[in-house]
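Thanks for coming. I will go through one structure, a few residues and a few helices at a time.

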Amino acid sequence: MGLFDQILSAIDNPNQQASPNQLGGILSAVEQLSGNQGVDVGTTELAMSVLGGYVRSALQDVRSQSGDAQAQQVVNQFSGTNPNPQAVHSLFGNNQLIQIVQDIAHRTGLNNATVQAMIPVLVPLVLNLLQTGSNTQNPAPGGNSVLNAFLDADGDGDVDITDTISMASRFLAQRS
């Protein structure tokens, strides 16, 4: 089951946090970021997807070193729709951040300064997507189906965040 399927399942489950409003807030933040940076939404989604691979790796490290509860804590503490440099620094060191900026710039065609400005917004958005699977009734470690699907992906380097954002947009448009 893909990431978006997990999010849809969480929306349909009253015990999980996901809601159409949460997805709408994420999509709105992506559109606003794109407008603020003068970048088309597709490029912002691609940047978010590339960044998602690094977020996955960082959260997998957190989970393997400190357990499921700590990975969920990072998601809970730093998810959102507003810029949060602390979220970036909770996951990445300065040297790694330089590499991430260069990789995203190379893969999207954006300049390093634009990418660097986008990352403090994109990291909380990726974490917000992952938070959708949190169980509102029993927030036990390992109980977030969306986070688990994200972290247990096949590691092929393809983080389906771009597809997820696209499908979320279509999903919300159909509900209107």
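V88 sits in helix 5. This is a predicted model, and everything I say about V88 and the rest is read from that prediction. Is V88 buried or exposed? Its relative accessibility is 3%, and because the cut-off for buried is under 20%, V88 counts as buried. Setting aside residues up to four places away in sequence, V88 touches L97, I119, P120 and V123. For a sense of distance, take S169, which is 81 residues from V88 along the chain. The C-alpha atoms of V88 and S169 are separated by 25 Å.

Next, M48, in helix 3. M48 has 0% relative accessibility and counts as buried. Which residues does M48 contact, leaving aside neighbours within four places in sequence? They are I26, V30, L122, L125, V126, L129, I161 and I165. The last of these, I165, is 117 residues from M48 in sequence. In space, M48 and I165 are 9.6 Å apart, C-alpha to C-alpha.

Now helix 4, residues 68-78. Its buried residues are A71, Q72, V74, V75 and F78. Looking down the axis of helix 4, these buried residues fall within an arc of 155 degrees, so they line one face of the helix. What covers them? The cover includes helix 3 (41-66), helix 5 (85-91), helix 7 (112-131) and helix 8 (145-151). So V88 and M48 both belong to helices in that list, because V88 is in helix 5, M48 is in helix 3, and the cover of helix 4 includes both helices.

Helix 7 also holds Q131. Q131 is buried, with a relative accessible area of 11%. Leaving aside neighbours within four places in sequence, Q131 is in contact with Q17, Q22, V75, N76, S79 and N144. One of those, V75, is among the buried residues of helix 4.

Helix 1, residues 3-12, can be described in the way I described helix 4. In helix 1, the buried residues are L3, F4, Q6, I7, A10 and I11. Viewed down the axis of helix 1, they fall within an arc of 155 degrees, so they line one face of the helix.

On to helix 2 and the pocket. The largest pocket has a volume of about 150 Å³. Which residues line the largest pocket? The lining is made up of G25, S28, A29, Q32, L33, N36, T81, N82, P83 and V121. Helix 2, residues 20-37, gives the most to this lining, with six residues.

G35 is also in helix 2. At 57% relative accessibility, G35 counts as exposed. A117 is 82 residues from G35 along the chain, and their C-alpha atoms are separated by 13 Å.

Last, the rings. How many aromatic pairs does the structure hold? Zero. There is, however, a charge over a ring: the charged end of R56 sits over the ring of F150, 5.0 Å from its centre.

To recap, V88, M48 and Q131 are buried, while G35 is exposed. The buried residues of helix 4 line one face, and those of helix 1 line one face. The largest pocket takes six lining residues from helix 2. That is all I have.

Definitions and conventions
Residues are numbered from 1 along each chain as its sequence is written. This is a predicted model: local features need pLDDT of at least 70, side-chain atom pairs count only at pLDDT 80 or more; totals for chains, interfaces and linings use all residues. Side-chain values use heavy atoms; hydrogens and water are left out. Buried means under 20% relative accessible area, exposed over 50%, partly exposed in between (1.4 Å probe, protein chains only). Helices (H or I, at least four residues) and strands (E, at least two) are DSSP runs, numbered from the N terminus. The arc is that of the directions from the helix axis to the C-beta atoms. Contact means heavy atoms within 4.5 Å. Rings of Phe, Tyr and Trp (its six-membered ring) pair if their centres lie within 6.5 Å; planes under 30 degrees apart count as stacked, over 60 as edge-to-face and the rest as tilted. A charge sits over a ring if NZ of Lys or CZ of Arg is within 6 Å of the ring centre and within 35 degrees of the ring normal. On a 1 Å grid over the protein atoms alone, a cavity is a set of points where a 1.4 Å probe fits but cannot get out, and a pocket is an open set with protein on both sides within 12 Å along at least five of seven lines; lining residues have an atom within 4 Å of a point. Grid points are joined across faces, edges and corners, and a volume is the space filled by probe spheres set on the points.
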